[in-house]
Amino acid sequence: AHLPGVIASLTTKPVIAVPVDAKLNGLDALLSSVQMPPGIPVATVGIDRGENAAILALEILGLKDENIAKKSIQIQKFDILFTGSGETKEDIGKCITFLGFKETYAGGDIIIFRPKSESESLFLTYALNSLNSQKQKIAMSKGEIIVHIYSSKLKNLYIAYPPLEEQKQIAKYLDKQTKKIDVAIELQQKQIEKLKDKPQLIVGSIGRILELTYMKKLKPHTE
């Protein structure tokens, strides 16, 4: 969790932190990223929100400066974007489908894959984030403190590749199911927030009952 802060102290380039839910529900990682001293800014996204970090990076890179544009690649809608570096091997090579409309450019550690169609893009994003793909990407990654993966390695990924019509159906089904899961998670988080207040309410109620039942005035001690 301290790594983004260390990097930010050594460079003037923007640094984006992605807190990971490893301990204390990710709050330790979140606080260590947002509570930076003056002069060392770190842009921090939500806990386990690597996709937001990728989008934020693209927005930062999406400048209209011609010199920057010449050194970068303009992203098209439905391009698949891979994270080329990360803090852990599990973070490496995660990908999203770019669905934006703004003129946006990417470079640096963003690896771009351009599918032939919209349907292929949506299916491949699921396939390339699957457990099987993740295991392959972990094996391909290099580094310890900062882990990297390269486009030359990603080209060697093996995935199941059904006909296009089946890809459409699979992507449609997974979209539907993941939305259901997101809703369920949101509802569960709301329930957890409500439950967090219950212990305090119970303790307070028991304390009040004890006060009403057994409370006596304290007599001053006299010798």
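**Close-up views of a predicted model**

The structure holds two salt bridges. Keep in mind that this is a predicted model. Here is a tour, one close-up at a time.

**Figure 1. Arginine 114 and aspartate 79 join distant parts of the chain.** The side chains of these two residues form a salt bridge, with 2.7 Å from N to O. Arginine 114 lies in the loop between β8 and α5, while aspartate 79 lies in the loop between β3 and β4, and the two are 35 residues apart. Are these partners buried or exposed? Aspartate 79 is buried, with a relative accessible area of 1%. Arginine 114 counts as partly exposed, because its relative accessibility is 39%.

**Figure 2. Lysine 168 and glutamate 165 pair within helix α8.** Their side chains meet in a salt bridge of 4.0 Å, again taken from N to O. What separates the two along the helix? They are three residues apart in α8, which covers residues 164–214, so about one helical turn lies between them. An α-helix has 3.6 residues a turn, so residues three or four places apart point the same way. Lysine 168 is partly exposed at 36% relative accessible area, and glutamate 165 is partly exposed at 48%.

**Figure 3. Glutamate 120 is buried yet has no salt bridge.** This residue sits in helix α5. Which side chain of opposite charge is nearest to glutamate 120? That is lysine 116, at 5.9 Å; a salt bridge needs the nitrogen within 4 Å of a carboxyl oxygen, so this pair does not count as one. Leaving aside neighbours within four places in sequence, glutamate 120 is in contact with Pro115, Tyr161, Leu164 and Gln167.

**Figure 4. The second largest pocket has a volume of about 350 Å³.** Of the 13 residues that line this pocket, Phe82, Phe113, Leu128, Leu154 and Lys155 are the closest to its centre. Which elements supply at least two residues each to the lining? They are β8 (110–113), α5 (118–128) and α7 (151–154). Sorted by type, the lining has 10 nonpolar residues, one polar and two charged.

**Figure 5. Aspartate 48 has a positive phi although it is not a glycine.** Its phi is about 60 degrees. Aspartate 48 belongs to the loop between β2 (43–44) and α3 (50–61). With 43% relative accessibility, aspartate 48 counts as partly exposed.

**Figure 6. Phenylalanine 78 has a positive phi too, and is not a glycine.** Here phi is about 80 degrees. Look for phenylalanine 78 in the loop between β3 (73–74) and β4 (80–83). Because its relative accessibility is 18%, phenylalanine 78 counts as buried.

**Figure 7. Helix α1 and the loop that follows.** Within α1, Leu3, Pro4, Gly5 and Ala8 are buried, and β1 is included in what covers them. Threonine 12 lies in the loop between α1 (3–10) and β1 (16–17). At 83% relative accessibility, threonine 12 counts as exposed. How far apart are threonine 12 and proline 41 in space? From C-alpha to C-alpha they are 9.4 Å apart, with their positions 29 residues apart in sequence.

**Figure 8. The whole chain, with eight helices and nine strands.** Stepping back from the details, 26% of the 223 residues count as buried. Among contacts between residues at least 6 apart in sequence, 68% join residues at least 24 apart.

Definitions and conventions
Residues are numbered from 1 along each chain as its sequence is written. This is a predicted model: local features need pLDDT of at least 70, side-chain atom pairs count only at pLDDT 80 or more; totals for chains, interfaces and linings use all residues. Side-chain values use heavy atoms; hydrogens and water are left out. On a 1 Å grid over the protein atoms alone, a cavity is a set of points where a 1.4 Å probe fits but cannot get out, and a pocket is an open set with protein on both sides within 12 Å along at least five of seven lines; lining residues have an atom within 4 Å of a point. Grid points are joined across faces, edges and corners, and a volume is the space filled by probe spheres set on the points. Helices (H or I, at least four residues) and strands (E, at least two) are DSSP runs, numbered from the N terminus. Ala, Val, Leu, Ile, Met, Phe, Trp, Tyr, Cys and Pro count as nonpolar, Asp, Glu, Lys and Arg as charged, and the others, Gly among them, as polar. Buried means under 20% relative accessible area, exposed over 50%, partly exposed in between (1.4 Å probe, protein chains only). Lys and Arg count as positive and Asp and Glu as negative; His and the chain ends are not counted. Contact means heavy atoms within 4.5 Å.
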